[in-house]
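The following exchange asks how descriptive terms applied to a protein model are justified. Each reply sets a computed value against the cut-off that the term requires.

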Amino acid sequence: MSFRELRNFTEIMRSLGYPRLISMENFRQPNFELVADTLLWLAQRYDPSIDVVDDISTEADRVIFLKSISQLMAARGRIKLNMKRLYAADGYAVKELLKIASVLYKATSKASEKEDIGSAEFALSTKAFDVK
């Protein structure tokens, strides 16, 4: 866990549109509810068709939740998550959450770049047909 990773994670989540405010102080102590909520939001953002049971009331439910999310991310996104770090729900869980968040952030930034390039190409092609 480093300051840079915590800062990058909070900024990426803010830019992705995460509805809750994430402070860097949230991960100083274990906070499984926040990790589970963030992980579920990221997984649904990655693939909206997933169906995961989000009951985390007991230890067994938490393990089942983490196992199902990590299997889905490994199968669909080829992102390997360390479940021990996620279960600890401290600063080291940020490293694992950052893996998914950075993939989503890169995808959204590439999509916005392609939209900008597409509009520029269209503008160039309309100028090409102007007769002087």
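Q: Where does alanine 89 lie, and what makes it buried or exposed?
A: In this predicted model, alanine 89 is placed in the loop between H4 and H5. Its relative accessibility is 1%, and buried means under 20%, so alanine 89 counts as buried.

Q: What is notable about the phi of alanine 89?
A: Most residues other than glycine have a negative phi. Alanine 89 is not a glycine, yet its phi is positive, at about 55°.

Q: Which loop holds arginine 78, and why is this residue called buried or exposed?
A: Arginine 78 belongs to the loop between H3 and helix H4 (83–88). Its relative accessibility of 79% is set against the cut-off of over 50% for exposed residues; arginine 78 therefore counts as exposed. Arginine 78, although not a glycine, also has a positive phi of about 55°.

Q: How do you know whether H2 and H3 are roughly parallel or roughly antiparallel?
A: The two helices pack at an angle of about 30°, and their axes are 11 Å apart. Angles under 35 degrees count as roughly parallel, and H2 and H3 are therefore described as roughly parallel to each other. Their crossing is left-handed.

Q: Which residues make the contact between H2 and H3?
A: On the H2 side, the contact is made by Phe32, Glu33, Ala36, Leu39, Leu40, Ala43 and Tyr46. H3 contributes Arg62, Phe65, Leu66, Ile69, Met73 and Arg76.

Q: Which residues have the most contacts inside the largest nonpolar core, and which elements give two or more residues to this core?
A: The largest nonpolar core has 36 residues, and Phe9, Leu39, Leu42, Phe65 and Ile69 have the most contacts inside it. The elements giving two or more residues to this core are helix H1 (3–16), helix H2 (32–46), helix H3 (59–76) and helix H5 (91–128). H2 supplies the largest share, nine residues.

Q: What is leucine 42 in contact with, leaving aside its neighbours within four places in sequence?
A: With those neighbours set aside, leucine 42 is in contact with Met13, Leu16, Leu97, Ile100, Ala101 and Leu104.

Q: What makes threonine 38 buried or exposed?
A: Threonine 38 is a residue of helix H2. Because its relative accessible area is 0% and the limit for buried residues is under 20%, threonine 38 is buried. Residues up to four places away in sequence not being counted, threonine 38 touches Phe9, Met13, Tyr18, Ile22 and Leu97.

Q: What lies 2.7 Å from a polar atom of the side chain of threonine 38?
A: The backbone oxygen of leucine 34 lies at that distance from the threonine 38 side-chain polar atom. The separation of 2.7 Å satisfies the cut-off of within 3.5 Å for a polar contact.

Q: Why is valine 94 called buried or exposed?
A: Valine 94 is located in helix H5. A relative accessible area of 1% meets the requirement of under 20%, so valine 94 is buried. Its C-alpha atom is separated by 7.1 Å from that of phenylalanine 9, the two residues being 85 residues apart along the chain. Apart from neighbours within four places in sequence, valine 94 is in contact with Glu5, Leu6, Phe9 and Phe27.

Q: How do you know whether threonine 10 is buried or exposed?
A: The relative accessible area of threonine 10, a residue of helix H1, is 7%. With the limit set at under 20%, threonine 10 is therefore buried. Its side chain reaches the backbone oxygen of arginine 7 at 2.8 Å. Beyond neighbours within four places in sequence, threonine 10 is in contact with Ile22, Ser23 and Met24.

Q: What makes leucine 21 buried or exposed?
A: Leucine 21 is in the loop between H1 and H2. Its relative accessibility of 69% falls under the rule of over 50% for exposed residues, so leucine 21 counts as exposed. Leucine 21 and threonine 10 are 11 residues apart in sequence, with a C-alpha to C-alpha distance of 8.4 Å.

How values were computed. Residues are numbered from 1 along each chain as its sequence is written. This is a predicted model: local features need pLDDT of at least 70, side-chain atom pairs count only at pLDDT 80 or more; totals for chains, interfaces and linings use all residues. Side-chain values use heavy atoms; hydrogens and water are left out. A nonpolar core is a set of buried Ala, Val, Leu, Ile, Met, Phe, Trp, Tyr and Cys residues joined through side-chain atoms within 4.5 Å. Buried means under 20% relative accessible area, exposed over 50%, partly exposed in between (1.4 Å probe, protein chains only). Helices (H or I, at least four residues) and strands (E, at least two) are DSSP runs, numbered from the N terminus. Contact means heavy atoms within 4.5 Å. A polar contact is a pair of N or O atoms within 3.5 Å; within protein, one must be able to donate a hydrogen and the other to accept it, and residues adjacent in sequence count only if both atoms are side-chain atoms. Axes are lines fitted to C-alpha atoms, for helices over the stretch in contact, and angles run from 0 to 180 degrees between N-to-C directions. Angles under 35 degrees count as roughly parallel, over 145 as roughly antiparallel, 65 to 115 as roughly perpendicular and the rest as oblique. A crossing is left-handed if the near helix is turned anticlockwise from the far one by less than a right angle, and right-handed if clockwise.
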